[in-house]
Amino acid sequence: QVHLVESGGGLVQAGGSLRLSCAASRRTFSEYAMGWFRQAPGKEREFVAAIAWSGDTTDYKDSVKGRFTISRDNAKNTVYLQMNSLKPEDTAVYYCAARYTTTYSGTYHTDDEYDYWGQGTQVTVSS
């Protein structure tokens with residue numbers, strides 16, 4: 001079982017930045033591929049970014065490429081999402097997710113591929 005806790009959300013003006021953090025309870029955090037998803041009001045949850053267990057491979061939703069950066073610190077059991085040049089359409093509840101893996105060195109992109117989820121953190125971007 002992995003317990004995930006997101007933090008760092010808030011209200012920011014368009015063009016601003018936020019850094020989300022997701023702390024995991026598991027000491028074997030390095031055995032988990034991680035992802036960030038978001039859900040805006042009235043919309044389905046969507047993939048935002050993912051990172052392999054090693055940190056060597058990352059992937060992004062097209063609309064956030066060049067603005068968002070996912071990273072991880074396995075020594076701190078934490079994954080981050082640095083969000084720059086924020087836009088009103090980035091407004092959503094952001095969730096981190098974990099997928100146990102010992103053989104696959106890539107990333108996962110759909111929510112049904114993940115085993116554990118955090119409670120979410122609200123990000124609101126004003127115009």
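Is the link of Cys-22 and Cys-96 right-handed or left-handed? Keep that in mind while we walk around this predicted model.

**Stop one: the open sheet.** Select β1, β3, β8 and β7. These four strands make up an open sheet, lined up in just that order, and they pair in the antiparallel sense. Now look at the two edges: β1 (4-7) sits at one and β7 (68-73) at the other, and each of them pairs on one side only. Neighbouring strands in this sheet are turned against each other by 15° on average, direction ignored.

**Stop two: one edge of the sheet.** Keep β7 on screen and add β8, residues 78-83. The two run antiparallel to each other, and six bridges pair them. To see one of the partnerships, click on Thr-69, then find Gln-82 in β8: Gln-82 is its bridge partner.

**Stop three: the disulfide.** Next, show the cysteine side chains. Searching the whole structure turns up one disulfide. Select Cys-22 and Cys-96, and you'll find their sulfurs joined, with 1.9 Å from S to S. Back to the opening puzzle: this link is right-handed, with 45° about the S-S bond.

Zoom out a little and colour the strands. Cys-22 belongs to strand β3 (residues 18-24), while Cys-96 lies in strand β9 (residues 92-100); the pair ties together distant parts of the chain, 74 residues apart. You've already met β3, as it is one of the strands of the open sheet.

**Last stop: turn on the surface.** Are these two cysteines buried or exposed? Cys-22 has a relative accessible area of 0%, so it counts as buried. Cys-96 is buried too, with a relative accessible area of 0%.

Conventions. Residues numbered from 1 in each chain as written. Predicted model: local features only at pLDDT ≥ 70, side-chain atom pairs only at ≥ 80, totals over all residues. Heavy atoms only, no water. Pairing = 2+ DSSP bridges. Axes fitted to C-alpha atoms, helices over the stretch in contact; angles between N-to-C directions. Disulfide = S-S within 2.5 Å. Buried < 20%, exposed > 50% of the residue type's maximum accessible area, 1.4 Å probe, protein only.
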